[in-house]
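With the model open in a viewer, please follow the selections below in order, pausing at each one before moving on.

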Amino acid sequence: KAEYIYSMLISLAMLLMAFTVLKDSIVSIFAPNKYQFSSWLVIVCIITILTKINNTVNFLFLSIETSNS
């Protein structure tokens with residue numbers, strides 16, 4: 001499904017960003033500089049996390065409801 005592909009692409013983008021932030025953090029320890037990031041990236045990550053939490057809760061609720069039937 002397309003949802004799985006897009007979820008994987010978002011996850012890969014988040015991993016890439018995490019490695020970039022980690023690398024920049026290590027570099028800035030030795031050569032301090034001001035780190036700039038995109039506020040849109042933070043917004044997209046928050047929305048993605050909330051969506052995944054919502055999907056998980058819905059799945060768990062439906063599985064409990066189904067097993068009680």
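**A salt bridge, then the whole chain**

In this predicted model, begin by selecting Asp 24 together with Lys 23, which form a salt bridge whose closest N and O atoms lie 3.6 Å apart. A search of the whole structure finds 1 salt bridge. Colouring the two partners by accessibility is a useful next step: Asp 24 has 25% relative accessibility and therefore counts as partly exposed, whereas Lys 23, at 52%, counts as exposed.

Now zoom out to the cartoon of the full chain, where 2 helices and 0 strands are found. The radius of gyration is 18 Å, well over the 11 Å that the globule rule gives for 69 residues, so the chain is more spread out than a compact globule. Aligned along the principal axes, the C-alpha atoms fill a box of roughly 60 × 20 × 20 Å.

Switch to a surface next: the chain exposes about 6,300 Å², of which carbon and sulfur atoms supply 74%, and buried residues make up 3% of the 69 residues.

For the last stop, which residues line the largest pocket? Select Lys 1, Glu 3, Tyr 4, Ser 7, Ile 10, Thr 48, Thr 51, Lys 52 and Asn 55, which together form that lining. Helix 1 (2-30) and helix 2 (39-68) each supply at least two of the lining residues, and the lining divides into 2 nonpolar, 4 polar and 3 charged residues. The volume of this largest pocket is about 240 Å³.

Methods:
Residues are numbered from 1 along each chain as its sequence is written. This is a predicted model: local features need pLDDT of at least 70, side-chain atom pairs count only at pLDDT 80 or more; totals for chains, interfaces and linings use all residues. Side-chain values use heavy atoms; hydrogens and water are left out. Helices (H or I, at least four residues) and strands (E, at least two) are DSSP runs, numbered from the N terminus. The radius of gyration is taken over C-alpha atoms; the globule rule is 2.2 Å times the number of residues to the power 0.38. Buried means under 20% relative accessible area, exposed over 50%, partly exposed in between (1.4 Å probe, protein chains only). Accessible areas come from the Shrake-Rupley method with a 1.4 Å probe; for residues, only the protein chains shown count as cover. On a 1 Å grid over the protein atoms alone, a cavity is a set of points where a 1.4 Å probe fits but cannot get out, and a pocket is an open set with protein on both sides within 12 Å along at least five of seven lines; lining residues have an atom within 4 Å of a point. Grid points are joined across faces, edges and corners, and a volume is the space filled by probe spheres set on the points. Ala, Val, Leu, Ile, Met, Phe, Trp, Tyr, Cys and Pro count as nonpolar, Asp, Glu, Lys and Arg as charged, and the others, Gly among them, as polar. A salt bridge is a side-chain nitrogen of Lys or Arg within 4 Å of a carboxyl oxygen of Asp or Glu.
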